[in-house]
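Thanks for coming, everyone. I'll take you through one structure today, from the whole chain down to a few side chains. Have a look at it first.

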Amino acid sequence: MKRKLTITVDADLVPAAKQYARSRGVSLSRLIEQSLRRVTEEGPSFASRWRGQFRAAERADTRYDQLARKYLQ
């Protein structure tokens with residue numbers, strides 16, 4: 001089921017977006033729907049894919065130790 005959605009964008013973006021949609025043979029609504037679907041169906045984020053993949057280097061620096069405890073746990 002489709003629902004109506006009101007969005008606000010910069011006025012100078014509208015003609016360019018309409019032209020882009022027209023050049024691909026779709027409506028502006030369909031283009032926005034496809035873009036939103038692509039964004040919401042993406043896999044894990046870059047950060048979550050790399051989380052836990054790096055190990056702390058051996059250092060004798062208290063500032064480094066504090067940051068490592070905070071961000072590498």
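**A walk along four helices**

Keep in mind that this is a predicted model. Let's start with the overall picture.

The protein chain has 4 helices and 0 strands. Read along the sequence, that gives the pattern α-α-α-α. How spread out is the chain beside a compact globule? Its radius of gyration is 22 Å, and the globule rule gives 11 Å for 73 residues, so the chain is more spread out than a compact globule. The box tells you its dimensions: along the principal axes, the C-alpha atoms fill roughly 60 × 30 × 25 Å.

Next, the surface. Buried residues account for 5% of the 73 residues. The accessible surface is about 7,300 Å², and carbon and sulfur atoms hold 54% of that. On charge, the chain carries 16 positive and 8 negative charges. The mean positions of those two sets lie 7 Å apart.

Now into the helices, in order. Helix H1 covers residues 13–23, and Tyr20 sits in it. Is Tyr20 buried or partly exposed? Tyr20 has a relative accessible area of 41%, so it counts as partly exposed. Its side chain makes a polar contact of 3.2 Å with the side chain of Arg24. Tyr20 also has Leu31 to look at: the two are 11 residues apart along the chain, with 8.9 Å between their C-alpha atoms.

On to helix H3, and to aromatic rings. How many aromatic pairs does the structure hold? The count is 1. The partners are Phe46 and Trp50, in a tilted arrangement, with 6.3 Å from centre to centre and 45° between the planes. Why tilted? The angle counts as tilted because stacked needs planes under 30 degrees apart and edge-to-face needs over 60. Where do the two residues sit relative to each other? Phe46 and Trp50 are 4 residues apart in helix H3, residues 46–50, so about one helical turn separates them. As a reminder, an α-helix has 3.6 residues a turn, so residues three or four places apart point the same way. What about cover? Phe46 is exposed, at 57% relative accessibility. Trp50 is partly exposed, at 42%.

Last stop, helix H4, residues 62–71. How many of its 10 residues are buried? The count is 1, so this helix is hardly covered. Look at the start of H4. There, a side-chain oxygen of Asp61 comes to within 3.1 Å of the backbone nitrogen of Arg63.

Tyr71 belongs to H4 as well. Tyr71 is exposed, with 56% relative accessibility. The side chains of Tyr71 and Lys70 are joined by a polar contact of 3.4 Å. Tyr71 can also be placed against Arg51: 20 residues apart in sequence, 9.7 Å apart in space, C-alpha to C-alpha.

To recap: 4 helices and 0 strands, 5% of residues buried, and 1 aromatic pair. Over to you for questions.

Note on methods. Residues are numbered from 1 along each chain as its sequence is written. This is a predicted model: local features need pLDDT of at least 70, side-chain atom pairs count only at pLDDT 80 or more; totals for chains, interfaces and linings use all residues. Side-chain values use heavy atoms; hydrogens and water are left out. Rings of Phe, Tyr and Trp (its six-membered ring) pair if their centres lie within 6.5 Å; planes under 30 degrees apart count as stacked, over 60 as edge-to-face and the rest as tilted. Helices (H or I, at least four residues) and strands (E, at least two) are DSSP runs, numbered from the N terminus. Buried means under 20% relative accessible area, exposed over 50%, partly exposed in between (1.4 Å probe, protein chains only). A polar contact is a pair of N or O atoms within 3.5 Å; within protein, one must be able to donate a hydrogen and the other to accept it, and residues adjacent in sequence count only if both atoms are side-chain atoms. The radius of gyration is taken over C-alpha atoms; the globule rule is 2.2 Å times the number of residues to the power 0.38. Accessible areas come from the Shrake-Rupley method with a 1.4 Å probe; for residues, only the protein chains shown count as cover. Lys and Arg count as positive and Asp and Glu as negative; His and the chain ends are not counted. The place of a charge is taken as NZ of Lys, CZ of Arg, CG of Asp or CD of Glu.
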